[in-house]
Amino acid sequence: MRVRGPPCTFFWALMLASGLPAPVDGCDFAESVCGAQAPGDVVIGILLPCHQKVINLQQRTRPENFHCSNFDLESFLRSLAAIHEIEVINAAGLLPGVRLGYLMCDTCASASKALQSVERMLQVNGSLNATCDYTDFRPAIKIVLGALFSEVSIAVARLMNVYMVPLLSSTSSAPDLSNKQRYPSFLRAIPSDKHQTRAVVRMMHHFDWNWVGVVYGDDEYGSEAFHSFLQDAENNTVCLAYQEVLPHYLGDSFSAQRVKQVAEVIRSSSAQVVLLILKVELVGALFKEMIESNTSRIWISTDAWTKSKSLSKMQGINKVGDILGFTFVSEKSEPFDDYLKNLTATPGGYNHFIEEYKNLRFNCSSECFSVEPPSHCPTPELLRMKSASACDLKDPQVQNDDYLVKALDTRETFLHRVAVWATAKALKELLKCNSTSCSGEVNFPPWRLLEVLRNITFEFENYTIKFDENGDLLNFYNLIMWQRDGNSRRFQNIGKYDVLRKEIMVEKYITWFSTANSTIPSYRCSEQCAAGSVKKILNAVCCYNCTLCVEGTFSDVPDLETCKACPNGTWALKGWTECRPRSESYLRWTDAHPITMIAAAAFGVLLLFVVAFIFLVYRDSPPMKRAEVRLSCVMMVGLSVSFASVICFMGRPNVHLCRARQLMYALGFTLCVSCILVKAYRTFLAFLPFGQLTCGRLHKLYKPTAIVAGLTALQGVICLLWLTLDSPDIDPTPPSPQSMESLIQCSEGLTHIGFGLMLAYIALLALVGFFLATKGRKVPQEFSETGYIIFSMLMYLFVWMCFIPVYVTNHGNAAPVQATAILVSTYGIIFCHFLPKCYEALRGSNADTLECVLRRWRGVDPGPKADLVTRTGSDVPEMGFPTTMGNRFSISSTTNMLTSTGTLSSVDSDVILKQMSFCKMPHLRKLGNKLKRCRSISI
């Protein structure tokens, strides 16, 4: 290649000083298109944008040369990193006997300009010939490093596919470039954007942000990254409040108008988190609008601008709010920093970009700082890089300082250095190099280098470099947050995302602009549904109401869409976060209520023993003779069985206990009530008047043993039928959904008919006894127990009338309710029937018995006119009295008064037999011929 002569060098220096693009005419074609070169045995192409745009691209109508403007300092730094590593490899002798050269061309961030540069790189002997087979195509450029933007890389890669020249990028991250069917010659030293968008979504999920806006460019990079983000967002419940598109080119009025429109959408939206998938220039234009309107948001960046120094030093950048995003792996290189401090072109080559940079940095351009600067002056951003001592220097090209090291983050060039070393390692293998020489052919077809490069593996600065099957280098992303640094921002690493593990790691303590502390701002369409509730989606999946999980379901994490069903054997109440086993509910032996009832039953049995003892000791006393000791003892046995049935209500129920407790109570209490009925019947027969025929029939029915046995046996038949046809069993009713207790209780049959008949039969016996007792209620207490019977039966009937509604309405406590009813009714009989008799016996009552009265009646001579009727009737030996005239002594119910004149007068009267002994009756002897005929008493 021809070396530039002095006239052309002077012309370029003049143009660079003025900031205007250099024309092609008068200079070598290669130098007009590609601005840096160094000779070598194997030449590496470098395709990066040292300028930000092509002038008047939208007005281009003829295939003229491209004119570029706006020097790109960051991209210029990337190109210097590649050049420096090439010089380091040459100096290290990695390829013995082989020198690496380079040819660097400026793409000016334009795909068309990049294709023009590639056309130059692929020339052979100054031309690019068309042929059908490029297997033996051997251009001087064996590999191209670049491009910066995915849009440019896509265009260049399509052309490279024809020649199978490797294109290795360190920044192009569009997912489509992983498609090896479409881009077989493309490789990159970074992961695909599908991993970056996944990392962004994971970050949003980590910070609990699900209501975001997205602004992306209309180029391939923006559209592909957006669609990748959209898919990941749907899978992670992140919703879009809006999605706006900006044109990637800013050279016309429409672009500026569109930026204002998008800025207004951002300001008016409720979404406080905005993802910007844009180039640096578009982000800068959008931030200017935000700064002017003092709009603060949380901005999520992509690798395209995460570490943009120009944006971090924008005037008013601290007004826009929090900025954070992902960038690729970066490492510091001290040798590269030293290289930047002594910047010169490679010996034997040239670098016009270094010349342009030094002119911008050290050339005196005082007129450009005036109020109305000339049109050839650089932009205000570029003027800020002007050295303060520029006008004191004579030759800008010999000047150097550490501006690039301080103004830019040199760590961001790490992956460009990786690309150069990957190329060198592949060349070493392809050229069969050892420690002294390389035996391979240096003028090889580029496709052979591509084959080796795809499979290369090596270590570089503690990183393993290996391309996957898609030609991507999978490592991890750094999570960067822009922290306040005076009036600008600095980049702080706050975490990372592991591509292979798909995990994000974030530091715990981060200072946020939004909250002014380490509290993470929460930006959601709806507040998070706490555990125990689920989302009821409204118009978007992120906008919802929270509803509590119903019984039997739960949610153990926030923001679930559906509640989880409880496993078998467990349950959850409404709004619970977990399922638990239901506790069994029954009358446990250790609980207070069962202990109280057991104690009451035991005390009742003990009390019955005491009463029985008193009855037996005082069996010959008048109160005990009237109470019929033998019949009372049978009653006590029945009551003891009733008390024992209460024990069967305790503990965990089973079918045998369910049957035993009802059977014991039914037979025991029926036995007791049957005895009471016999007592009431005895009194009824003894003191109530009936005709002779009726009286005889009723007396024939009085057989206590048969009555008690028959009535109890009938209850036994009822219970037998109940146990056979509808037996008590464990209640199969499922627990209430609102309860965590599984009620274990007995069911008295499916229909409860047997249970009802059993209770109704006892109630019927009690009613009959009550009726008979009330018929003899006016009989003197000395000779009957009607009062005791009435009160005891009233107590029983009252208790069980109260039991029925309580039992029906309180089904869950059926067992304690019935057990309590049994205790109360049983104690009622003890207190109303037995204890008064015990009191009388212990007090030692002197009341005459009916025997005494009857004996006195045998000693009275009524005379011939007295209507004293004695009849032979039924024998009632159970009374315990001696019999007179066939064991019956009758006094008519009509009272006739015999006077001294012998006149008989009839008087209605009730005769009250007072307490008096057989020996103390002198007043009866004084009655003379006066005699009262008493009401018939049948004994």
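Start by selecting strand β2: V42, I44, I46 and L48 on one side and V43, G45 and L47 on the other are all buried, so both of its faces are covered. Buried here means under 20% relative accessible area, with exposed over 50% and partly exposed in between (1.4 Å probe, protein chains only). That two-sided split fits a general pattern: in a regular strand the side chains alternate between the two faces of the sheet. β2 spans residues 42-48, and seven of its seven residues are buried.

Before you click on, some housekeeping. This is a predicted model, where local features need pLDDT of at least 70 and side-chain atom pairs count only at pLDDT 80 or more, while totals for chains, interfaces and linings use all residues. Residues are numbered from 1 along each chain as its sequence is written, and side-chain values use heavy atoms, with hydrogens and water left out. Helices (H or I, at least four residues) and strands (E, at least two) are DSSP runs, numbered from the N terminus.

**Stop 1: the neighbours of β2**

Add β5, residues 100-106, to the selection: β2 pairs with it in the parallel sense over seven bridges. Pairing takes at least two DSSP bridges between two strands. To find the register, look at I46, whose bridge partner in β5 is M104.

Now add β6, residues 141-146, which pairs with β2 in the parallel sense over five bridges. Here V43 stands opposite I141, and G45 has V144 as its bridge partner. Six of the six residues of β6 are buried, so this strand is largely enclosed by the rest of the structure.

Carry on to β7, residues 167-169, which is parallel to β6 and paired with it over two bridges. L168 in β7 is the bridge partner of L145. Between β6 and β7 the chain passes through helix α5 (residues 150-163), and this β-α-β crossover is right-handed. In other words, with the strands pointing away from you, the path from the first strand over the helix to the second runs clockwise.

**Stop 2: salt bridges**

The count is 22 salt bridges, each being a side-chain nitrogen of Lys or Arg within 4 Å of a carboxyl oxygen of Asp or Glu. Try R258 and E244, whose side chains meet at 2.6 Å, N to O. R258 sits in helix α8 (residues 253-268) and E244 in strand β10 (residues 239-246), 14 residues apart. Both residues are buried.

Stay on α8 and pick K260, which forms a salt bridge with E289 (3.0 Å, N to O). E289 lies in helix α9 (residues 280-292), so the pair ties together parts that are 29 residues apart in sequence. How accessible is E289, and does it count as buried or exposed? At 13% relative accessibility, E289 counts as buried, whereas K260 is partly exposed at 46%.

Next, jump to R652 and E584, with their closest N and O atoms 2.9 Å apart. R652 is in the loop between α19 (629-647) and α20 (655-687), and E584 is in strand β26 (residues 583-585), 68 residues away. Both ends are partly exposed: R652 at 42% and E584 at 31%. Then select K307, D409, R411 and E412, which salt bridges with shared partners join into one network.

**Stop 3: zoom out**

Show the whole protein chain: 27 helices and 31 strands. Of its 939 residues, 53% count as buried.
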